[in-house]
Amino acid sequence: MKKFILTASLLAVILAPARADETSESILRHIAKTLASYGDYEVRFTVSAKGMGNTSGNYIVSGDRYRIKLQKQEQFSDGTNRYEIYTADKEVVIDEADTSSHNMLNNPTRAFEFAPEEFESTYAGSTELKRRPVETVRLTPRGAGHGSGTVVLYVSAEDGLPVALDYNYQGEELTVTINKIIPLDEVDRNMFRFDPSQYGDYEIIDFR
């Protein structure tokens, strides 16, 4: 079955002393609180990986619903089901939505949620990323249920919002750059609904 390019979960493998944990958890709480205050929002991003160059995409989040575009692939969820649209192959793949996932391209509604009960966090200091001052946070899952791998989260020192994530997961290395996070006043709820009449000549593959 075809999969989105990004398969990594937001994970890491470093433990920190208590003070570092407090700093990193404060940074993560700020991100969660800010995004929650937006309600609906759009994220524009770029994925970079060896052998694939740079690929731009965007997603819109409204509660537990989302719609995401990357290259010629599109995916959306009404909070219960996930729909993957493959225009070139004229296919629609339907599956149950995984609302617990932190994978940006499987469930962007939780892409920046790192609850303390799910992840150990480590503050790794300040640095510069593309001439911008950033704070660095590493994460490690608490138990196999949250996956395994490594990630470094870079957060703007100016507004405390994410600017990039470096992944190293099961031998796959890639970087996601957050180009812009845009609060939205109003979102058309129809973008999260599946209308079969729009895909009359598509093959529907249902895994539910």
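**Glu42 and the salt bridges**

Me: Which side chain does the side chain of Glu42 make a polar contact with at 3.2 Å, apart from Arg44?
Reply: In this predicted model, the Glu42 side chain makes a polar contact of 3.2 Å with the side chain of Asn58.

Me: And what joins Glu42 and Arg44?
Reply: Their side chains are joined by a polar contact of 3.2 Å. The Glu42 and Arg44 side chains also meet in a salt bridge, 3.2 Å from N to O.

Me: Where is Glu42 placed?
Reply: Glu42 is in strand E1, which covers residues 40-49.

Me: Is Glu42 buried or exposed?
Reply: Glu42 is buried, because its relative accessible area is 11% and the cut-off for buried is under 20%.

Me: What about Arg44, how accessible?
Reply: Arg44 counts as partly exposed, at 36% relative accessibility.

Me: Which residues does Glu42 touch, leaving out those up to four places away in sequence?
Reply: Glu42 touches Asn58, Tyr59 and Ile60, and also Lys180, Ile181, Ile182 and Leu184.

Me: Switching topic. How many salt bridges in the whole structure?
Reply: A search of the whole structure gives seven. Among them is one between the side chains of Glu74 and Arg67, at 2.5 Å from N to O.

Me: Are Glu74 and Arg67 buried or exposed?
Reply: Glu74 is buried at 18%, and Arg67 is buried at 17%.

Me: Which residue does Glu113 meet in a salt bridge?
Reply: The side chain of Glu113 meets that of Arg110, at 2.9 Å from N to O. Glu113 is partly exposed, with a relative accessible area of 34%, whereas Arg110 counts as buried at 14%.

Terms used: Residues are numbered from 1 along each chain as its sequence is written. This is a predicted model: local features need pLDDT of at least 70, side-chain atom pairs count only at pLDDT 80 or more; totals for chains, interfaces and linings use all residues. Side-chain values use heavy atoms; hydrogens and water are left out. Helices (H or I, at least four residues) and strands (E, at least two) are DSSP runs, numbered from the N terminus. A polar contact is a pair of N or O atoms within 3.5 Å; within protein, one must be able to donate a hydrogen and the other to accept it, and residues adjacent in sequence count only if both atoms are side-chain atoms. Contact means heavy atoms within 4.5 Å. A salt bridge is a side-chain nitrogen of Lys or Arg within 4 Å of a carboxyl oxygen of Asp or Glu. Buried means under 20% relative accessible area, exposed over 50%, partly exposed in between (1.4 Å probe, protein chains only).
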